[in-house]
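Visitor: I am new to reading protein structures, and I would like a close look at a single part. Could you take me through it slowly?

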Amino acid sequence: MPSLQELKQLQDLFGEIGHENEILNDEGIDPPVYDLPTNEPIPRAAPMEDETPPESEPPPETPPPDDQSGAESENAGADMETVVPPTPVANETDFDDDVPIFDNLFDQFKDLIPDELPPLPDTPAAAQSETDKPAQDNIDDAAASMPQPEENAVKGDASGDDASSDRSDDAPDNESNDASGDDDKFDLEDLLKGFGDDDMPPDAGDEDFSIPDNLFGDNDAPPDAGDNDFSIPDNLFGDNDAPPAAAPSETGTPAESGGFDGAPSVSEISDEEKASLFPDIPPEDAPPDAGVTPPDAEDKAPATPKEEKADDKPVNPAEIDDFVAPIDAAEVPPIVPTVAEDKSKKTEDAINLTDQQLSRLLDTIASYPLNLRIACEQIISEEIVEPALLSQLIKLLVNGGNAREAAALAGKILKRKINLPKGFKTGEELEAEQASFRYIFFHKFFPVVRISLIIAALAASIAYLSYEFIYKPVHAYLIYKNGYEQIEGGEYALGNRRFEEAFKIHRDKNWFYRYAGLFRDEKQYLYAEEKYDALLLYYPRDKKGTLEYAAMEKDYLRNYEKADRLIRINILDYSPDDREGLLALGDINLAWGEYEFSRYEEARLSYAKLLAAYGQSDSIMERMMLYFIRTDKLGEVIPLQNYFMGRPKSKIPAESLAELGGYLLDKRFEVVKGVPDEYIEEIEGIRDVLLRAAKQDFSLPEAHYHLARYYNNYGATLEERQMLETAANAFDAARIESPKRTQYRVDTQRRLARMMIADHEFISAEEALAKGVNIMEDAVERRVVRRSPEFGELYAYLGDLAYFVKSGDMREAVDFYQSAEENGWSPPEMRYRLGSAYYRLGDYAPAMNYFFAVSMERPYNRRLLNALGTASYMRSDYFAAEGYFKRLVNTLENERSRFPMLFPHERPEHYEIVERMMVARNNLGVTYNALAAGTGRSSYRAEALGEFAEAARAWDALERNPQTMIRAGIVDTSIPGVSLPYLNIQNILYPTQDSSGLLFMQIDKDLDDNSWWESLMHSEGLP
């Protein structure tokens, strides 16, 4: 406790404060300038809510200070500028209540303050604006007009009795409701209870009542009045923020009215008066911030910057010591209030909390995030924390301060930044948010909707995926399959429509391949092309589809140009060294070379590029061998034959082996025209090559076909017939069709039919020939092959069957012969038969033309001369007939002259000569008779009688039996039953009106004497 001497000094000090300026002016002493601590804010009066006085009541003008005061103010301002620069103002409405020196001062002198204070002199009401009087609900009428701290000085309420007001960082916890307060604490409210609106000087709000740091010196002793100057410097708030001079009052300045001489002392304020000022709070428990503010809040001091945040509470003037009395601004120069905290003299105040406050503190800490909770617990548990800061933190926690304020204060105490989690909310904020529609919607209704939407989305997704990837593919598959079956049954248009229907449901690349391949095998090439085009449209540059498409164009449609373009555009343009692409291009040009020889070079270039890119391999060597075969380079083929045949495990297709065997067979048995090939003698192993091909792929028809040819050249008829039948079945089963294969197939049918004819299987032969004709016509119609003489031979064989076997059906023979002639097959033998068929049909003009055409290619023989003479006579061309018959007679006489004696009944060739002599002379006599009748020359008639006589002798030689010398009767059908020469002689000797001679009209069926067909017919017993 302070001594009585210290109290006496304190009282003397208060008596001198009111007259300090006068004393200093009289003594000519400049007011001292006290330096404020640089790290402590300057306390100043709290601003009022409404700083601007109403227009109807303008504030009274402040009279200018006298010269001495002005000089002193300027002096003070100069000293202030040089010693302590003004602190920048952050917010004029803020106050920093960090004045820890008052706590120590109050604690020391609280017990020495008198109980009552003298009443203050009355102050005119006009000096105070109504707008400067904030309401204060919890004080009596005497204190109602006292200005209170601004709303932002006390948390949540402008009144001074809000127990939860927020303080700055270093202010002591003066708002605690702890009933067990320390008796030694100084209660500021007790000091200011007697200061009402009517007792305050009018300009009390213009002064700053802060006590300088060295008020009591180093030892806290009250300074001597003559050694200290308590004047306030003019530039305390800077050049522009100096507080204005006090306005004149009707009652005069404090100096005129006695200053604070009439004010009651603290000891004079009774407990009843204290209770009247704070009716709700006992005097000993009244909060220190429940005092009043200076009455004149119009001229406010600028706020100093805050250490933590902009909304810290300003210092309540009620908290200022009662040691500072109002001083007239005209009498006392402004002083620089300095607040120096003597940290070494701090008292460690005990913090006493009720159970309710402790519970609120714990609840508040529990509501904070974990990092802030740990920081608060660390601050409270540590003893090194400044009591003022700790008190402020505990007050904030007890009052349920928000996490942001607590984080800022805790960060200041711990000197590190405490970050709050993003979106963190306090309990009140969370409750308010939870009561909002937005929270209810997003946390109660929306989760249900979200789950429902998720379930619906999942169900929709499953339904969609099931529909897209299960139902549609399966449904489309069934339609694809149905369409495929329709095509197999021959319903091509219906099957194609099924494909289009399934395609609209689900697109499947494999069905493109299957449909295109089936259409190709069914020879529906337009549909197949349509499918391949669609495939390449929806799957550009599809390699498999391109290769199949090009192969179809090459093997089936012979459209080599399109096949070449497909490979180049869809494969080689993007991958020039593609192996499959180069092989396909070489094969296309190799097949194209059969029609355009220059394309073989393109094939060779492709194979050479393959050799350069991939090296030597069996597939490339095999294609090079095919190139040499088709360009007829036997010298290059034989080494490759030895290469493949010497390596049984070499990979070479059976098709290439069959082509190699056929080429070697052709070279071995070909009819040499000019200089023969020098490598022909090196040809060997043909049969081994063909047998290996047939063994490697028994279904390959070319292997069996070439084996049949091989056996034919060596006279193995049985093996040839067997190989031909096997080849015919293999050709029927083969799907791929090429021009060469078509030729081999037709030739197989021809060879097989000839063997059947030789075996007298005429019906089977006709069927085989008809089948070959159908194959040929279909291939020609599809432009797979062109018409050729080899194909015409089939028609010739059919014509021969009709001509030789089917008696009397000459019209069918003519049709077949003409078809054979149209295909290029028109040998002299067939044309003679065609003329003979026309002759037997009575159409002598075309018959004569064919006979004459034959005579232009073949030398005259007795059969041809007889046919020419007879046809000429039937056309009434007697002179031509005379010439042919005369040449025929001469030919026969030449043959007869080779035999000294004819034995027609013993030797067949003698019989034929005699018979032909009889027919020729008889027909010549008939021609002479016709000429005699036509020309009237009797010499022709005489010639006719001579020819008839020779014919009669020949007939008699043929008719009479040489042993019995009896003429043959009707029973012998080998000779004419009636002698036509004899009848012709009778007609000449005894002419009649319609007698024109009797002619032997029968001509030979074949041109050559050694006719194969005539021999076959005679062996069969047919005429």
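Visitor: Is Arg630 buried, partly exposed or exposed, and what is the relative accessible area behind that label?

Guide: Happy to help! Please keep in mind that this is a predicted model. Arg630 is partly exposed, because its relative accessible area is 23%, and the label "buried" is kept for values under 20%.

Now look at the partner of Arg630. Its side chain meets the side chain of Glu594 in a salt bridge, with 3.9 Å from N to O. This pair links distant parts of the chain, 36 residues apart. Arg630 belongs to helix H20, which covers residues 618–630, while Glu594 sits in the loop between helix H18 (579–592) and helix H19 (599–614). Glu594 has a relative accessibility of 35%, so Glu594 is partly exposed. As a general idea, side chains of opposite charge can pair when their charged atoms come close.

The bridge from Arg630 to Glu594 belongs to a structure that holds 51 salt bridges. Let us use some others for comparison. In one of them, the side chains of Lys667 and Glu670 meet at 3.5 Å, N to O. Lys667 is buried because its relative accessible area is 8%, whereas Glu670 counts as partly exposed because its relative accessibility is 35%.

Another salt bridge joins the side chains of Glu912 and Arg916, at 3.2 Å from N to O. These two residues are four apart in helix H34 (residues 908–935), so about one helical turn separates them. With a relative accessible area of 23%, Glu912 is partly exposed. Arg916 is buried, because its relative accessibility is 14%.

Glu912 and Arg916 also take part in a wider group: a network of salt bridges links Arg862, Arg863, Glu895, Glu912, Arg916, Asp1004, Asp1009 and Glu1014. Let us pause at Arg862, which is found in helix H32 (residues 862–874). Arg862 counts as buried because its relative accessibility is 9%. Its side chain has a polar contact of 3.2 Å with the side chain of Glu912, and a polar contact of 3.3 Å joins the side chains of Arg862 and Asp1009.

For contrast, here are some charged residues in a surface patch. Glu678, Glu681, Glu682 and Glu684 form a negative patch on the surface. Glu681 can be found in the loop between helix H22 (654–669) and helix H23 (686–696). Glu681 is exposed, because its relative accessibility is 73%.

The surface has a nonpolar patch too, made of Tyr464, Leu465, Phe469, Ile470, Val474, Tyr477 and Leu478, with about 760 Å² of accessible area together. Phe469 lies in helix H12 (residues 437–488) and is exposed, because its relative accessible area is 60%.

To return to where we started: Arg630 is partly exposed at 23%, and its side chain shares a salt bridge with that of Glu594. When you turn the model, try finding helix H20 and then the loop between helices H18 and H19, the two places that this pair links.

Note on methods
Residues numbered from 1 in each chain as written. Predicted model: local features only at pLDDT ≥ 70, side-chain atom pairs only at ≥ 80, totals over all residues. Heavy atoms only, no water. Patch = residues over 30% accessible without salt bridge, like charges linked within 9 Å, V, L, I, M, F, W, Y side chains within 5 Å. Areas by Shrake-Rupley, 256 points an atom, 1.4 Å probe, with all protein chains shown as cover. Salt bridge = Lys/Arg side-chain N within 4 Å of Asp/Glu carboxyl O. Lys, Arg positive; Asp, Glu negative; His and termini not counted. Charge placed at Lys NZ, Arg CZ, Asp CG, Glu CD. Buried < 20%, exposed > 50% of the residue type's maximum accessible area, 1.4 Å probe, protein only. Polar contact = N/O pair within 3.5 Å; in protein donor to acceptor, adjacent residues only side chain to side chain.
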